[in-house]
Amino acid sequence: MGNLGRHEELNWYVQPLISATWSGIRSDTHHESNGTEIRGDGNDNITTRLALKSFLKGHSTLDEGKQRNFKPFVETSWIHNTELRGITMDGVTVSQAGTRNIGELKLGVEGRIAPELNLTGYVSQKMGGKGYSESQAMLGLKYSF
């Protein structure tokens, strides 16, 4: 954490993040009318995520006493999956290539507009091997009463 220059009301933070998620998705084997046997692959996947989030936190002197604040942030992540999701049809496996290790860059803002109203928004880009790419945008409002 540190102040930015002469702006004591504006602080910079760096936050490490780590998570692990287990997914035990199981599906029954399916037989099509033409005899093709289909089954899901990638059961018992563990997704680990190591990230570093850097954000600014502060408020304008115009917002003094109004409990408003905004936190613009940038976050970088490394995501690892122990299993590849896919299907097997009559012994031929098709899986989503490039998702074993994924890098992510996320830019966004979190803020409190009023004591009962919060705003969150971000855009992110994920990239993995073999041309894997995923773009995402999210906008959220939370009203507490």
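The largest pocket in this predicted model holds about 190 Å³ of space. Of the 13 residues lining this pocket, Asn 81, Gln 96, Thr 99, Ile 102 and Tyr 132 sit closest to its centre. Here a pocket is an open set of points on a 1 Å grid over the protein atoms alone, where a 1.4 Å probe fits, with protein on both sides within 12 Å along at least five of seven lines; lining residues have an atom within 4 Å of a point. Points are joined across faces, edges and corners, and the volume is the space filled by probe spheres set on them.

The lining is a mix: four nonpolar, five polar and four charged residues (nonpolar: Ala, Val, Leu, Ile, Met, Phe, Trp, Tyr, Cys and Pro; charged: Asp, Glu, Lys and Arg; polar: the others, with Gly among them). Strand 5 (45-58) and strand 6 (69-81) each chip in with at least two lining residues; strands are DSSP runs of E, at least two residues long, numbered from the N terminus.

Now for some strand pairing, which takes at least two DSSP bridges between two strands. Strand 9 (residues 101-114) runs antiparallel to strand 10 (residues 117-128), with twelve bridges, and the two make a hairpin with two residues in between. Ala 114 has Leu 117 of strand 10 as its bridge partner.

Strand 10 also pairs with strand 11 (residues 133-143), again antiparallel, over eleven bridges. Ser 124 stands opposite Gln 136 of strand 11. Four residues separate the strands of this hairpin, where Lys 130 adopts a positive phi near 55 degrees.

Residue numbers start from 1 along each chain as its sequence is written, and side-chain values use heavy atoms, leaving out hydrogens and water. Local features need pLDDT of at least 70 and side-chain atom pairs count only at pLDDT 80 or more, while totals for chains, interfaces and linings use all residues.
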